[in-house]
Amino acid sequence: MKKSFSIKTVVAIGIGAALFFVLGRFVAIPSGIPNTNISLQYAVLGLFAAIYGPIAGGLIGFIGHTLIDLSWGGSPWWSWIIASAFVGVVVGLFANRLKVNEGEFKLKSIITYGVANVIAHAAAWIGVAPLLDIWMYAEPSDKVFAQGAVAAAANVLTAVVVGVLLIIAYTKTIAKKGSLDAE
């Protein structure tokens with residue numbers, strides 16, 4: 001994980017937010033619960049957070065989710081936008097343990113990535129988003145906690161399954177330390 005906020009990180013935030021938006025807006029599968037979809041954007045968020053860390057992860061989630069909400073023509077739903085940013089930050093906090101930028105993503109890192117996503121999505125969708133919905137929008141608690149539970153389960157599933165595949169593919173493109181021989 002980069003210690004500085006480089007141009008590469010800024011570009012990654014832009015690309016990550018754009019991918020988050022496209023996947024969340026155009027590749028969403030209805031879950032059967034109103035305003036709650038099954039989507040792949042959290043796999044991309046997990047990938048970018050694992051590579052670039054918590055600040056990039058948070059900004060990608062925040063910007064990408066804001067763009068999704070704005071594209072529907074209504075007001076942004078800030079509680080869920082904040083929850084998406086929260087997921088990016090939490091997964092990004094585990095970035096140093098994952099060793100993705102070193103070209104390593106073995107079983108221990110896969111388990112760590114899975115645990116990070118379970119923690120992030122459970123806290124975001126069963127805690128942060130419903131509580132903010134109740135506080136900010138006076139939404140009924142049974143509705144928002146049902147939405148949150150479905151969102152948490154769907155997002156963990158897509159973030160872990162698809163995210164692991166994306167990270168494995170990414171790490172295969174990185175030359176590992178000591179793998180190059182001098183001639």
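These legends accompany close-up views of a predicted model.

**View 1. The largest nonpolar core draws on several helices.** The largest nonpolar core holds 36 residues, and of these Val87 and Trp125 touch the most other members. The elements that each give two or more residues to this core are helix H1 (7–26), helix H2 (41–52), helix H3 (54–71), helix H4 (78–93), helix H6 (107–137) and helix H7 (141–171). Among these contributors, H2 gives the most, with 9 residues.

**View 2. The surroundings of Trp125.** When residues up to four places away in sequence are set aside, Trp125 touches Tyr42, Trp80, Ala83, Ser84, Val87, Pro130, Gly148, Ala149, Ala151, Ala152 and Asn155. One of these partners is Val87, which, together with Trp125, touches the most other members of the largest nonpolar core.

**View 3. The largest pocket and its lining.** The largest pocket of the model has a volume of about 600 Å³. Its lining is made up of 24 residues, and those that lie nearest the centre of the pocket are Asn35, Thr36, His65, Asp69 and Trp80. Trp80 is also one of the residues that Trp125 touches. At least two residues of the lining come from each of H2, H3, H6 and H7, and the largest share, 5 residues, is supplied by H7. Sorted by character, the lining consists of 9 nonpolar, 11 polar and 4 charged residues.

**View 4. Val156 and Val118 in contact.** Val156 has its place in helix H7, while Val118 is found in helix H6. Leaving aside neighbours within four places in sequence, Val156 is in contact with Asn117, Val118, His121 and Val161. Val156 counts as buried because its relative accessibility is 19%, whereas Val118, at 43%, counts as partly exposed. Two spacings, taken from C-alpha to C-alpha, give a sense of scale: Val156 and Ala146 are 10 residues apart in sequence and 16 Å apart in space, and Val118 and Met136 are 18 residues apart in sequence and 25 Å apart in space.

**View 5. Two loop residues with positive phi.** Most residues other than glycine have a negative phi. Lys99, however, has a phi near 60°, and this residue lies in the loop between helix H5 (95–98) and H6. Ala138, in the loop between H6 and H7, likewise has a positive phi, near 55°. With a relative accessible area of 42%, Lys99 is partly exposed, while Ala138 is exposed, with a relative accessible area of 67%.

**View 6. The salt bridges of the model.** Side chains of opposite charge can pair when their charged atoms come close. The structure holds 2 salt bridges, and one of them joins the side chains of Glu104 and Lys106, at 3.9 Å from N to O. In this pair, Glu104 is partly exposed, with a relative accessible area of 25%, and Lys106 counts as exposed, at 55% relative accessibility. The side chains of Lys143 and Glu139 also meet in a salt bridge, at 2.6 Å from N to O. Here Lys143 counts as partly exposed because its relative accessibility is 33%, whereas Glu139 is buried, with a relative accessible area of 17%.

Conventions
Residues are numbered from 1 along each chain as its sequence is written. This is a predicted model: local features need pLDDT of at least 70, side-chain atom pairs count only at pLDDT 80 or more; totals for chains, interfaces and linings use all residues. Side-chain values use heavy atoms; hydrogens and water are left out. A nonpolar core is a set of buried Ala, Val, Leu, Ile, Met, Phe, Trp, Tyr and Cys residues joined through side-chain atoms within 4.5 Å. Buried means under 20% relative accessible area, exposed over 50%, partly exposed in between (1.4 Å probe, protein chains only). Helices (H or I, at least four residues) and strands (E, at least two) are DSSP runs, numbered from the N terminus. Contact means heavy atoms within 4.5 Å. On a 1 Å grid over the protein atoms alone, a cavity is a set of points where a 1.4 Å probe fits but cannot get out, and a pocket is an open set with protein on both sides within 12 Å along at least five of seven lines; lining residues have an atom within 4 Å of a point. Grid points are joined across faces, edges and corners, and a volume is the space filled by probe spheres set on the points. Ala, Val, Leu, Ile, Met, Phe, Trp, Tyr, Cys and Pro count as nonpolar, Asp, Glu, Lys and Arg as charged, and the others, Gly among them, as polar. A salt bridge is a side-chain nitrogen of Lys or Arg within 4 Å of a carboxyl oxygen of Asp or Glu.
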